[in-house]
Amino acid sequence: MSTEQDEIIRAVSQDANLGSYEEARRTFSWTDAEKHFTWHTTGKLNMAYEAIDRHAEAGLRHKAALLYSDATRSETVTYGEMRDRSNRFGNVLRKLGVQKGDRVFIFMPRSPELYYALLGTIKIGAIVGPLFEAFMEQAVRDRLEDSEAVAIVTTPALLPRVPVADLPHLKHVILVGDGIEAGPGQADFHAEMGQASDQLDIEWVDREDGLILHYTSGSTGKPKGVFHAHNAMIQHYYTGKIVLDLKADDIYWCTADPGWVTGTSYGVFAPWLNGATNVIRGGRFKPQDWYATLESNKVTVWYSAPTSFRMLMSAGDDIVEQFDLSSLRHVLSVGEPLNPEVIRWGMHVYKQRIHDTWWMTETGGQLICNYPSMDIRPGSMGKPIPGTDAAIVDDEGNVLPPKRMGNLAIKTPWPSMMRKIWNNPSKYEEYFRLQGWYVSGDSAYMDEDGYFWFQGRVDDVINTSGERVGPFEVESKLVEHPAVAEAGVIGKPDPLRGEIIKAFVSLRDGIEPSDELKADIAKFVKEGLAAHAAPREIEFKDKLPKTRSGKIMRRVLKAWELGLPTGDLSTIED
Ligand code: WT7
């Protein structure tokens, strides 16, 4: 239990939306939280309507919904404009024949158009599948194939990575760009938007109907399609209120891309359900740009990730001093363990406590958090949100007492819980195998005051810069390289990125190891799968440790790497 410390950073905010945490735990109920929405009586339920149209109708038509900027573009979109433009996109899809329940993917860099497309898709009851722009052909193919997507919104630059000819269900490619000459099966986004009406009959859906599919990695097999329903809005709204602490005049910035769940749950839904102004910054990470984004937009609430904070920290304190960050009042983090050192640094340079939050793609929304009104213990993820229970359970599902390490588990259900794994009911069931608890795959312990402390993953899933990478996907790509016979992939601890991807590779007979070959293999994964999934380190081995049934033993590779004992090798091949 080495991370537990007695260090406490006292609660600061007297006027936080969540007053007393203990009081809220006693009195809060999800059934009450639902009453915020009027769909009980009107029967009109749709996430995009609640996020945008409802505010536009309630007098916020001229309020900024989106403050977008990148290196070449800077744009304000009001709630009224967001309503009209997402309506137009809904009409574009309907004209193409896209229907409720169909899967529509969005594969493009951040831009205002991405958000019109995402909301418009949801408005007609189709299920949106956002894809991170760094994905290469194999990653795109796997996701479109598994979900049988009928349409994709992309850019001419990314189109070569969409293997249209191999995807029989994919009927429509909608291209966002200038001077598009749409070929067969293609449509020009801007031309179609220009012709479409800005009035739309929104598809009113059931709360359990499909909203979004986010693909994520496990330790085995291809990425899984995590399916979320419109019902998630209850949790997105509520956590936006009590965890992000959003109020009417907040300018909020979530730095995540919508290709990842943080970029939708907390980069789209939570801020807009709460009527806030949402800042989106396109382009790559650069400390100066990030601070300029905070300063020029007068950001008040900022949600980012440990790797970004660590990179900002290593960029130096003198950069911070060049900017006026006095608008900031609440800072949060998610995705990886947040180092106590980073929290201390944040207190020093931003004069802000960084609030760690824990959740996963599968949980759809925040579950264990630090709140403005609660003391922070640096290194702890915080306490379960009111309305949910978390526990540490053993491998049989028995609840363990404080200070014992075990499986971090959540009592089911909660409103934003995934509703299925696409095409894979048995994978879904696995999460609930321990007496009905949702088993996260993380190990943790709880201290005597109810704070949860992250200890690691119990499986082989790698978390590099907050991005979740399945070793199997990388291994599969590695063995496609003509020089590679076998490959095993692990996460290697790294001070900046949390973990980096390290591959152990055995070469085919007659192939000579060299640094050029290493570089070529890394490039092969980068260009075939995604940059963030490419190994930063490759080590050649004559043989890899395998079980008698031929499975590569990643835990032995990890032990080699860390210089630890290899443990029980009774199942190893010769
Ligand atoms: C895994 C989920 C949805 C958030 C973005 C990542 C790790 C997440 C924390 C935290 C330590 C964390 C866990 C989890 N993780 N938050 N505050 N402290 N680890 O979502 O890609 O589904 O990954 O990220 O290991 O299981 P994801």
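Let's start at K298, which sits in the loop that links α11 (287-297) to β12 (301-304). Bear in mind along the way that this is a predicted model. K298 comes after α11, and its phi is positive, near 55°; a positive value here belongs to a residue other than glycine. How exposed or buried is K298? It counts as partly exposed, because 15 C-beta neighbours lie inside 10 Å, and a residue needs 20 or more to be called buried.

Stepping back from K298 into the helix before it, we can ask which residues of α11 are buried. They are W290, T293 and L294. Viewed down the axis of α11, these buried residues fall within an arc of 95°, so they line one face of the helix. What does that face pack against? The partners of the buried residues of α11 are the strands β1 (64-69), β10 (251-254), β11 (277-281) and β12, together with the helix α12 (306-315). β12, one of these partners, is also the strand at the far end of the loop that holds K298.

Another positive phi turns up at E148, again in a residue other than glycine, with a value near 50°. Its setting is the loop between α7 (137-147) and β5 (151-154). E148 is partly exposed, because 14 other C-beta atoms lie within 10 Å of its own.

The backbone has a further point to look at around P413. This proline is joined to T412 by a cis peptide bond, with omega at about -10°. P413 belongs to the loop that runs between β18 (406-411) and β19 (420-421).

Now turn to helix α5 (residues 79-96), where you will find R94. R94 and I124 are 30 residues apart along the chain, and their C-alpha atoms are separated by 7.6 Å. R94 counts as partly exposed, because 18 C-beta neighbours lie inside 10 Å and the mark for a buried residue is 20 or more.

Finally, let's visit the ligand. Which of the 21 residues around the ligand come nearest? They are W358, M360, T361, F454 and R468. Several elements contribute to this shell: helix α10 (261-273) and the strands β14 (354-358), β20 (437-446) and β21 (452-457) each supply at least two residues. As for chemical character, the shell around the ligand divides into eight nonpolar, eight polar and five charged residues.

Conventions. Residues numbered from 1 in each chain as written. Predicted model: local features only at pLDDT ≥ 70, side-chain atom pairs only at ≥ 80, totals over all residues. Helix = DSSP H or I, 4+ residues; strand = E, 2+ residues; numbered from the N terminus. Buried ≥ 20, exposed ≤ 12 C-beta atoms within 10 Å, placed from the backbone. Arc of directions from axis to C-beta. Contact = placed C-beta atoms within 7 Å. Near = placed C-beta within 6 Å. Nonpolar A, V, L, I, M, F, W, Y, C, P; charged D, E, K, R; others polar.
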